[in-house]
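This report describes one protein model with its ligand. It begins with the ligand contacts and then turns to the annotated domains and the backbone.

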Amino acid sequence: MNNKTIGIIGVGNVGATLAFTLATNNICSNILLKDIRNNISQAMALDISQAVQGTSSNTKVTACLNNEDFKECDIIVITAGIARKPNMSRDDLLLTNAKIVISVMNEISKNNPNAIIIIISNPLDAMVYTALKSSNYPANKVLGMAGTLDSARMSYFIAEKLGFPNVNIKTSVIGGHGDSMVPLVDFSTIDGKKLNEILSSEDIVDIIDKTKNGGGQIVKLLETGSAYYAPAYSTIGMIEAILNDTKECFACATLLNGEYGHKNIVSGVDVLLGKNGVEKIVELDISNFEKEQFQKSINNVQELVDVLEEKIFNKK
Ligand SMILES: NC(=O)c1ccc[n+]([C@@H]2O[C@H](COP(=O)([O-])OP(=O)(O)OC[C@H]3O[C@@H](n4cnc5c(N)ncnc54)[C@H](O)[C@@H]3O)[C@@H](O)[C@H]2O)c1
């Protein structure tokens, strides 16, 4: 085990599941938990610490009741905020969660100057923009988790269609984390073969549709919140790549600097993750159709950013 500290702000469904998985798998030496509800962070620290006793992990889990104790984190995951309920889109959470993300960034920046920040709160791309805009962290150190989750969902729907659970599937989903996400059919493979060599075009359209609605399907069934096991697990891969400096490729939300012709806007794209966070943005040679879809997705994120600029950052 490395000597690394992961901080988690917001110890609800996603935050607690993430903490439990990190701790029981010995992925870091310390986990600091913080929530606006102190009793919840204390309860989760106790419960997860007691679970760790049944494993060979040495991870220590601590609840931080004040800002000064939440310090010297290598990575901070922000899941603070409200989650959507049936008939809500992720965008409906915009202003509430933006205010929460701004207050959290203010709380953490002084005592965690070198941390890499992974945002999970929705609407994801707009929250990464908010975190960057309201802090002095460099763009490579503030990123969002969503593309890895959307890719996992696409892989699941491919496996479901094939009926083989253990087939080697690779998928990539870029664009914003919302209805306009862009599943990349040409960059997805089943055992090294392109999707259209194995699946009919009707099946591929169905998989794309299900991927886009994958989160909504779970929200509808849960009725009181949104998915958390797959979101937490998708974050673990990103954390391990950063801690172990692997430079592995993940679809993550990051500030674009000219990639795909866009600047100063956050979107999900393939990136290489390492000890500096986003080490490199990988620009794929996507088709004209996918470029159009990506542009639509950027437009959706830009609409949210415009609302934030007007209502939160007070810029005309
Ligand atoms: N990016 C993704 O792919 C993805 C996936 C799932 C969920 N989400 C988003 O993650 C967020 C969390 O989801 P959840 O299911 O864990 O919700 P949840 O309601 O179970 O947990 C949210 C937690 O945040 C805490 N909180 C609220 N304001 C806070 C503040 N100012 N400081 C510290 N803690 C605060 C709450 O007390 C609560 O414990 C939601 O916005 C949800 O939409 C994103």
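## Polar contacts of the ligand

In this predicted model, an oxygen atom of the ligand is 2.8 Å from a polar side-chain atom of Arg37. Two further contacts involve the protein backbone: a polar backbone atom of Ile36 lies 3.1 Å from a nitrogen atom of the ligand, and a backbone N or O atom of Ile120 is 3.0 Å from a nitrogen atom of the ligand. The ligand taken alone would expose 870 Å², and the protein buries 89% of that area.

## The shell and the pocket

The ligand is located in the largest pocket. It is surrounded by 29 residues, and the closest of these are Val14, Asp35, Arg37, Ile82 and Met145. Arg37 is thus one of the closest residues and also supplies the side-chain polar contact described above.

Sorted by class, the shell holds 17 nonpolar residues, 10 polar residues and 2 charged residues. Two helices, H1 (13-24) and H3 (94-109), each provide at least two residues of this shell. The most comes from H3, which gives 3 residues.

## Annotated domains

UniProt, in an unreviewed entry, lists "domain: Lactate/malate dehydrogenase N-terminal" for residues 6-144. In the model, the chain over residues 6-144 is 38% helix and 17% strand. The C-alpha atoms at the ends of this stretch are 16 Å apart.

A second UniProt feature, also from an unreviewed entry, is "domain: Lactate/malate dehydrogenase C-terminal", placed at residues 148-303. Here the chain is 46% helix and 24% strand, with 24 Å between the end C-alpha atoms.

## Backbone details

Two points in the backbone deserve a look. The peptide bond from Asn122 to Pro123 is cis, and its omega is near -5°. Pro123 belongs to the loop that runs between strand E5 (116-119) and helix H4 (124-133).

The other point is Glu72, which is not a glycine but has a positive phi of about 55°. Glu72 is found in the loop between strand E3 (60-63) and strand E4 (75-78).

Conventions:
Residues numbered from 1 in each chain as written. Predicted model: local features only at pLDDT ≥ 70, side-chain atom pairs only at ≥ 80, totals over all residues. Heavy atoms only, no water. Near = heavy atom within 4 Å. Polar contact = N/O pair within 3.5 Å; in protein donor to acceptor, adjacent residues only side chain to side chain. Areas by Shrake-Rupley, 256 points an atom, 1.4 Å probe, with all protein chains shown as cover. 1 Å grid on protein atoms, 1.4 Å probe; cavity = no way out; pocket = protein on both sides within 12 Å on 5 of 7 lines; lining within 4 Å. Sits in = over half its atoms within 2 Å of the grid points. Helix = DSSP H or I, 4+ residues; strand = E, 2+ residues; numbered from the N terminus. Nonpolar A, V, L, I, M, F, W, Y, C, P; charged D, E, K, R; others polar. UniProt positions renumbered as here; feature names shortened; annotations may be inferred.
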